[in-house]
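Reader: I am new to this structure and would love a close look at a single part of it. Could you pick one helix and walk me through its surroundings?

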Amino acid sequence: MRARITALPLMSLAALAMFFFSRGELTPGRAAPARPRLEARVFLPAISFRRSYVDDGPAVVQGRVWDNANAPLPGVTITAGERITTTTDANGAYTFHLAVGTYTLAPSWFQKPFVPSSLQISVSAGVNNGLDFTCLDCIVDVQQRVWVPSGNFRMGCALRDMYCDGDERPLHTVSLSAFSMDRYEVTNGRYSACVFAGGCTAPHAPGSATHASYYGNPAFADYPVVNVDWSQAQAFCQWDGGRLPTEAEWEKAARGGTDQRVYPWGEAAADCPLANFYARGSYCVGDTAPAGSFPLGDSPYQVSDLAGSIWEWVSDWYLPDFYTSAAEWIDPPGPALGMGRVQRGGGWGDSFFSLRVSNRRASEPSAWQADVGFRCAR
Ligand SMILES: [Ca+2]
Ligand SMILES: [Ca+2]
């Protein structure tokens with residue numbers, strides 16, 4: 001992965017720097033491109049960047065210095081010492097304004113090395129600036145998405161599943177339009193970009209079950225965000241250009257379109273190599289693990305950590321008898337109202353029966369826990 005930042009010729013007096021990211025190509029059936037964002041931390045007279053997204057392909061960041069009069073895009077005015085994040089537009093452009101002066105730009109993304117580690121930019125009238133950074137180790141796939149094609153699947157209690165509850169019955173055929181789904185649960189790093197940008201509020205608690213410093217700690221950037229309520233999950237997905245998956249979409253992403261398997265990986269009994277949960281009297285981990293740590297448990301669509309790790313909010317209201325309420329199911333959005341919002345998949349502290357793909361649980365929308373997070377669809 002190469003991340004380049006290139007400054008183009010200065011346009012005139014007061015300054016505004018605009019940075020662009022390239023966008024990867026969407027390949028159906030494979031990871032869809034993440035929409036890249038930069039986080040800029042502005043110190044006097046230094047700026048640092050942090051990528052919150054990485055695409056599959058090469059990442060190119062291009063910057064351009066403009067004056068205020070010629071600014072082609074709305075930007076955000078920043079002052080020294082301020083930390084700032086703006087969202088890329090449809091063209092991948094990232095814009096902010098700088099006062100005339102000399103700045104040091106130090107790109108950063110988690111703790112990855114950049115060459116060079118910093119460059120100076122002189123923001124003044126009639127001066128060209130060239131800035132070019134390469135990230136040496138920026139291949140991170142925790143923001144990938146997978147494509148789930150349109151078609152039917154069988155939702156609800158699997159035929160050979162002895163642990164089904166009444167709310168999982170009957171097994172019924174659901175027709176879904178195509179959608180894409182995050183391959184991984186939303187991570188702390190990804191969520192924090194939304195908080196920095198003002199699109200999200202911080203999780204209700206900064207710690208995880210065993211780590212007092214979790215959210216906001218770079219060591220846990222690739223771990224799933226927890227302690228978020230349903231509205232926070234929904235707000236993140238909207239800010240990210242997506243939405244929470246429906247309960248039916250979540251289950252199809254976990255089960256695939258062709259069989260009635262009990263778990264995302266198939267019929268094999270749940271065990272620690274397959275998922276992060278409470279197995280046979282002891283925890284696999286006893287807390288969250290980095291996203292994608294249990295690839296043997298991936299679903300037929302290569303979605304990771306659907307079973308275990310953390311319970312995942314979906315968009316639907318919960319009604320225990322909802323599956324009996326219709327004879328034909330096409331893109332069901334769930335009931336209009338219900339007893340809390342649905343959570344799916346079980347968490348790191350749950351036993352195997354909670355990890356079954358058809359298992360359902362409801363929670364107060366305002367509730368938050370150290371084993372509950374989410375992922376997004378679109
Ligand atoms: Ca999960
Ligand atoms: Ca249940």
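**A helix and its surroundings**

Author: Happy to. The protein chain has three helices and 22 strands; helices (H or I, at least four residues) and strands (E, at least two) are DSSP runs, numbered from the N terminus. This is a predicted model, in which local features need pLDDT of at least 70, side-chain atom pairs count only at pLDDT 80 or more, and totals for chains, interfaces and linings use all residues. Residues are numbered from 1 along each chain as its sequence is written, while chains are lettered from A and ligands numbered from 1 in the order in which they are written.

Let us choose α3, residues 247–255. Nine of its nine residues are buried, so α3 is largely enclosed by the rest of the structure. Here a residue is buried if 20 or more other C-beta atoms lie within 10 Å of its own, exposed if 12 or fewer, and partly exposed in between, with C-beta atoms placed from the backbone. Among the buried residues of α3 are Glu-247, Trp-250, Lys-252 and Arg-255. For the protein chain of 378 residues, 49% count as buried.

What does α3 pack against? Its buried residues pack against β12 (145–148), β13, β14, β15 (179–182), β18 and β20 (341–344). Just after the helix comes Gly-256, with a positive phi near 85 degrees.

Two of those partners, β13 and β14, belong to an open sheet of three strands, ordered β13-β14-β19 with mixed pairing. Its edge strands are β13 and β19 (329–330), each pairing on one side only. Strands pair if DSSP finds at least two bridges between them; β14 and β19 run parallel and are joined by two bridges. Across from Trp-329 in β19 stands Val-174. In the loop between β13 (151–155) and β14 (172–176) you will find Pro-170, joined to Arg-169 by a cis peptide bond with omega about -5 degrees.

Another partner, β18 (311–317), follows a loop that starts after β17 (282–283) and contains Asp-305. Asp-305 has a positive phi of about 65 degrees and is buried, with 30 other C-beta atoms within 10 Å. Ser-309 lies in that loop between β17 and β18 too; its phi is positive, near 70 degrees, and 33 other C-beta atoms lie within 10 Å of this buried residue. As background, most residues other than glycine have a negative phi, and most peptide bonds are trans.

The helix also helps build the largest nonpolar core, which has 61 residues; Ala-253 is one of those that touch the most other members, along with Ala-233, Leu-244, Ala-270 and Phe-277. Such a core is a set of buried Ala, Val, Leu, Ile, Met, Phe, Trp, Tyr and Cys residues joined through C-beta atoms within 7 Å. Elements giving two or more residues to this core include α1 (188–197), α2 (230–239), α3 and β18. Apart from it lies another core, of five residues, including Phe-153, Met-155, Leu-176 and Ala-248.

Finally, a word on confidence: pLDDT is the predictor's confidence in each residue, from 0 to 100. Its mean over the protein chain is 74, and 62% of the residues reach 70 or more. Residues 1–96 have a pLDDT below 50, and so do residues 137–142. Where pLDDT is low, the predicted coordinates should not be read in detail.

Key: Two residues are in contact if their C-beta atoms, placed from the backbone, lie within 7 Å.
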